[in-house]
Amino acid sequence: MARIVRPQGLRGEVAAEILTSFPERLTRMASAGLWDGKTAPRQTEIRSCRLTMSRGGQAIFHFEGSDSISDAEKLVGLEVQIPLSDRVELPAGSYYVSDLIGCEVRERPREKSDESGSTVIGRVRDVQFTGDDVAGAPLLVLDSPRGEWLLPLAQEICVHVDTASRRIEVVLPEGLRDLNP
C-alpha cells in the first residue's frame with residue numbers, strides 16, 4: 001500500500017510513497033502492518049494519515065508510538081500493509097502484484113485449449129510497469145532455468161491467470177521466445 005521514505009516534521013510523522021491505486025483508503029485506516037520484508041508485519045495503530053501532492057504524491061502517516069524524528073527514522077524503509085481480507089476487489093482481468101509473484105508460468109501449445117502438453121517457462125519474480133507516458137501492458141519478470149524472462153501481461157498472451165492455483169498459462173506469439181533466453 002505504501003513504503004515509508006523519510007521522517008516528516010518534528011513530531012514523529014513519516015512520508016510514504018503510495019503503492020496503491022486506491023490512496024484515499026489510506027486516510028480511513030485505523031491500523032496497519034509495518035513490514036520489513038523479512039519478518040511478519042507488526043500491527044500498529046494509525047493516529048492520522050493525510051495525502052499530499054508534494055513529490056508526486058505521498059501519504060503522511062503518524063503512527064502510535066512515533067513521537068520524534070528518531071522514532072520516525074526507525075520506520076524508514078518499512079512497508080505499510082493491510083490484511084489481504086481488507087483489499088478492494090478488482091475488476092476481472094486486473095490483479096494485485098502480490099498475487100502474481102510466485103505464480104508458475106506454463107506455455108500452452110497453440111492447438112490446445114487446456115493445459116495438457118504445457119511446459120513450464122518459469123516463475124514470476126516481479127512485475128514491471130511502463131511509465132506514465134508509455135502505453136503498454138505490465139511486464140512479468142520470470143525466473144527460468146535459462147535466465148530472466150520478460151513477458152507482457154496481455155490477455156492475448158496470458159490466456160488463463162489463476163492466482164488461487166498460483167498458475168498462469170500463456171500462448172507465446174511468434175518471435176517472443178527469441179527475445180528471451
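This tour proceeds from a barrel of strands to the largest pocket and then to one residue of a helix. The structure is a predicted model.

**The barrel**

Begin by selecting strands β1 to β6. These six strands close into a barrel, and their order around it is β1-β2-β5-β4-β3-β6, with antiparallel pairing. From one strand to the next, the twist averages 45°. In general, the strands of a sheet pair through backbone hydrogen bonds, in either a parallel or an antiparallel manner.

**Strand β1 and its partners**

Select residues 2-8, which make up strand β1. This strand pairs with β2 in the antiparallel sense, over six bridges. To see one place where the two strands meet, display Ile4, whose bridge partner in β2 is Ala16.

Next, follow the chain from β1 into β2. The two strands form a hairpin, with four residues between them. Select Gly9 in the turn: this residue has a positive phi of about 75°.

Then return to β1 and select β6, residues 79-81. Two bridges join β1 to β6, and the two strands run antiparallel. Display Ala2 together with Val80, its bridge partner in β6.

**From β2 to β5**

Select residues 13-18 for strand β2 and residues 58-63 for strand β5. Four bridges join this antiparallel pair. Display Glu17 and, in β5, its bridge partner Gln58.

**The largest pocket**

Now turn to the largest pocket, which has a volume of about 1,100 Å³. Its lining consists of 34 residues. To find the centre, select Leu19, Tyr95, Tyr96, Val97 and Ser98, the lining residues that lie nearest to it.

Which elements each supply at least two residues of the lining? They are β6, already visited as a partner of β1, together with α2 (97-100) and β11 (158-162). Select β11 with particular attention, as the largest share of the lining, four residues, comes from this strand. Colouring the lining by residue class shows 22 nonpolar, eight polar and four charged residues.

**Asp99 in helix α2**

Finally, select Asp99, which has its place in helix α2. Leaving aside residues up to four places away in sequence, Asp99 touches Arg87, Thr163 and Arg166. Display Thr163 beside Asp99: the two residues are 64 residues apart in sequence, yet their C-alpha atoms are 5.9 Å apart in space.

Key: Residues numbered from 1 in each chain as written. Predicted model: local features only at pLDDT ≥ 70, side-chain atom pairs only at ≥ 80, totals over all residues. Heavy atoms only, no water. 1 Å grid on protein atoms, 1.4 Å probe; cavity = no way out; pocket = protein on both sides within 12 Å on 5 of 7 lines; lining within 4 Å. Points joined across faces, edges and corners; volume = space filled by probe spheres on them. Nonpolar A, V, L, I, M, F, W, Y, C, P; charged D, E, K, R; others polar. Contact = heavy atoms within 4.5 Å. Pairing = 2+ DSSP bridges. Axes fitted to C-alpha atoms, helices over the stretch in contact; angles between N-to-C directions.
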